[in-house]
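This report works through the model shown below, beginning with one element and widening from there to the fold as a whole. The reader may wish to keep the sequence and the coordinates in view throughout.

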Amino acid sequence: MKSLVTNHHYLARATTEPPQRFGNDFEGAAAEVPTKGYGAAGFALLQELQKLVPAATGYAVHYPAAMGTENQGAADIVKWLTARSAACPQQKYALGGHSQGGFAVVNAVPQLPPAILTRVVAISMFGSPECKEETADRCISYCADGDIVC
């Protein structure tokens, strides 16, 4: 089994979770909300991961989280994973998404080059679509019965 120890997590929040209006300052807007731009599920997941791996860091995906903006979220994931993987060639990653954030994650997966995708060791999604076939061995998508998003 692959080691799931990773130290950088990309988390995309659900539709309408703050901050939605951030202009060019996502970090500043995110700092003003209790979930720091990760969304409720992403923030809780990151806090639990940091209990297990204290050095773990997170990245709140920079996108409006307004209806229909999942492709913007996917583009941000691909952009930052590409940059981060070039700067840190040994680093491993985890992705997470809630509802529309899960769609951002599944839309990003096929856009990632194989060399980066192999470094994604875990994907956790909540109220989201099913895992992509190429990551099914390291992905879990939780969905309540009757959830129309799933």
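## An enclosed strand

In this predicted model, strand β3, which covers residues 93-98, has 5 of its 6 residues buried, so it is largely enclosed by the rest of the structure. On one side β3 is joined to β1 by 5 bridges, the two strands running parallel, and within that pairing H8 has Y93 of β3 as its bridge partner. A further 6 bridges join β3 to strand β4, residues 120-126, again in a parallel arrangement, and here G96 is found opposite S124 of β4.

S124 itself, a residue of strand β4, has a relative accessible area of 18%, and because the limit for a buried residue is under 20%, S124 counts as buried. Once its neighbours within four places in sequence are set aside, S124 is in contact with L45, L95, G96, G97 and I140.

## The sheet and the helices upon it

Which order do the strands take in the open sheet? The 5 strands are arranged as β2-β1-β3-β4-β5, and their pairing is parallel. The edges are formed by β2 and by β5 (139-142), each of which pairs on one side only, and from one strand to the next the twist averages 15 degrees. Strands β1 and β2 are joined by 4 bridges and run parallel, with Y10 standing opposite Y59 in β2.

Helix α3, residues 70-87, packs on this sheet, where it touches β1, β2 and β3, and its direction makes about 165 degrees with that of β3. Helix α4, residues 100-108, lies across β1, β3 and β4 and runs at about 140 degrees to β3. Strands β1 and β3 are thus named among the strands concerned for α3 and also for α4.

## Aromatic pairs

A search of the whole structure finds 6 aromatic pairs. In one of them, the ring centres of Y10 and Y59 lie 5.2 Å apart with their planes at 50 degrees, so this pair is classed as tilted. The pair links distant parts of the chain, since Y10 belongs to strand β1 (residues 8-12) and Y59 to strand β2 (residues 57-60), with their positions 49 residues apart in sequence. Both Y10 and Y59 are buried, and ring pairs link these two residues with W80 and Y93 into a cluster. Y93, which takes part in that cluster, is also the bridge partner of H8.

What geometry do the rings of F22 and F26 adopt? Their centres are 5.0 Å apart and their planes stand at 85 degrees, so the pair is edge-to-face. F22 is buried at a relative accessible area of 19%, and F26 also counts as buried, with a relative accessibility of 3%.

## A buried arginine in a loop

R138 is placed in the loop between β4 and β5. Is this arginine buried or exposed? With a relative accessible area of 13%, R138 is buried. The C-alpha atoms of R138 and Q111 are 17 Å apart in space, while the two residues are separated by 27 residues in sequence.

## The chain as a whole

The secondary structure of the chain amounts to 5 helices and 5 strands, and from the N terminus on the elements follow the order β-α-α-β-α-β-α-α-β-β. Along its principal axes, the C-alpha trace spans about 40 × 35 × 30 Å. For 150 residues a compact globule would have a radius of gyration near 15 Å, and the 14 Å found for the chain agrees with this.

Buried residues account for 45% of the 150 residues in the chain. Among the contacts between residues at least 6 apart in sequence, 63% join residues at least 24 apart. The accessible surface of the chain comes to about 7700 Å², and carbon and sulfur atoms contribute 58% of that area.

Conventions: Residues numbered from 1 in each chain as written. Predicted model: local features only at pLDDT ≥ 70, side-chain atom pairs only at ≥ 80, totals over all residues. Heavy atoms only, no water. Phe/Tyr/Trp six-rings, centres within 6.5 Å; stacked < 30°, edge-to-face > 60°. Buried < 20%, exposed > 50% of the residue type's maximum accessible area, 1.4 Å probe, protein only. Pairing = 2+ DSSP bridges. Rg over C-alpha atoms; globule rule 2.2 N^0.38 Å. Contact = heavy atoms within 4.5 Å. Areas by Shrake-Rupley, 256 points an atom, 1.4 Å probe, with all protein chains shown as cover. Axes fitted to C-alpha atoms, helices over the stretch in contact; angles between N-to-C directions.
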